[in-house]
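Trainee: I should like to learn how contacts, cores, pockets and salt bridges are read from a set of coordinates. May we go through them in turn?

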Amino acid sequence: MKCYRRMLRIPWIAKRKNTEILKELKVGQDWLLNNIKARKLSYFSHLKRHDSLEKHILEARLEGKRRKGRPTRRWTEDIKEWLQISLTEASREAQMREVFRQRVREAMSTQTCQDE
């Protein structure tokens, strides 16, 4: 919102609601979040289709004990949550580009319907 206000040259002390600013820019409230999700899913499928260092890092498992406390949220947990399938199934579908793209479209459309 800070960037949007700067683009419109609205001072930070101005009493304007965020929804008004979003309407003025013709931007949906979840536009940025949906854009990030789509890019993250696209990058996941790209990694799974190519043999690279990033793919090995993504799939690596570390030995030893983890730290005390709640486990940190992993990058792959977002993929599982958004697609609502297991990571192995997502990896298998990512090998078939069109199948994965269709899955992403379905996941994004159901999430926007649930948000409204």
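Mentor: Let us begin with a term: contact means heavy atoms within 4.5 Å. Please keep in mind that this is a predicted model.

Trainee: With which residues is Ile79 in contact, leaving aside its neighbours within four places in sequence?

Mentor: Outside that window, Ile79 touches Lys40, Leu41, Phe44, Gln84 and Leu87. A similar reading serves for Glu54, a residue of helix H4. Leaving aside its neighbours within four places in sequence, Glu54 is in contact with Tyr43 and Leu47. Its C-alpha atom is separated by 19 Å from that of Ile36, 18 residues apart along the chain.

Trainee: How is a nonpolar core to be understood, and which residues form the largest nonpolar core here?

Mentor: In soluble globular proteins, nonpolar side chains tend to be buried together. In this model the largest nonpolar core has 12 residues: Leu41, Phe44, Ile79, Trp82, Leu83, Ile85, Ala90, Ala94, Phe100, Val104, Ala107 and Met108. Helices H3, H5, H6 and H7 (97-115) each give two or more residues to this core. The largest share, four residues, comes from H7.

Trainee: How does one find a pocket, and what volume does the largest pocket have?

Mentor: Rolling a probe the size of a water molecule over the atoms shows where empty space is left. The largest pocket has a volume of about 620 Å³. Its lining consists of 23 residues, and those nearest its centre are Ala60, Arg61, Leu62, Thr72 and Arg74. Two or more lining residues come from each of helix H3 (31-49), helix H4 (53-59), helix H5 (75-83) and helix H6 (87-95).

Trainee: How many residues of each class are in the lining of the largest pocket?

Mentor: The lining has 10 charged, eight nonpolar and five polar residues.

Trainee: Charged residues lead me to salt bridges. How many salt bridges does the count come to?

Mentor: Side chains of opposite charge can pair when their charged atoms come close. The count comes to 10 salt bridges. In one of them, Lys48 pairs with Glu59, with the closest N and O atoms 2.7 Å apart. This pair links distant parts of the chain, with Lys48 in helix H3 and Glu59 in helix H4, 11 residues apart.

Trainee: Is Lys48 buried or exposed?

Mentor: Lys48 is buried, because its relative accessible area is 6% and buried means under 20%. Its partner Glu59, at 41% relative accessibility, counts as partly exposed.

Trainee: What is the N to O distance in the salt bridge between Glu24 and Arg16?

Mentor: The side chains of Glu24 and Arg16 meet at 2.5 Å, N to O. Glu24 is partly exposed at 44% relative accessibility, and Arg16 is partly exposed at 29%.

Trainee: Which residues are linked in a network of salt bridges?

Mentor: The network links Lys40, Arg73, Glu77, Asp78 and Glu81. Within it, the side chains of Arg73 and Glu81 meet in a salt bridge of 2.6 Å, N to O. Glu81 is partly exposed, with a relative accessible area of 46%.

Trainee: As a last case, where is Lys23 found, and why does Lys23 count as exposed?

Mentor: Lys23 is found in helix H2 (residues 18-25). Lys23 counts as exposed because its relative accessibility is 68%, and exposed means over 50%. The C-alpha atoms of Lys23 and Thr76, 53 residues apart along the chain, are separated by 34 Å.

Technical notes. Residues numbered from 1 in each chain as written. Predicted model: local features only at pLDDT ≥ 70, side-chain atom pairs only at ≥ 80, totals over all residues. Heavy atoms only, no water. 1 Å grid on protein atoms, 1.4 Å probe; cavity = no way out; pocket = protein on both sides within 12 Å on 5 of 7 lines; lining within 4 Å. Points joined across faces, edges and corners; volume = space filled by probe spheres on them. Nonpolar A, V, L, I, M, F, W, Y, C, P; charged D, E, K, R; others polar. Core = buried A, V, L, I, M, F, W, Y, C linked by side-chain atoms within 4.5 Å. Buried < 20%, exposed > 50% of the residue type's maximum accessible area, 1.4 Å probe, protein only. Salt bridge = Lys/Arg side-chain N within 4 Å of Asp/Glu carboxyl O.
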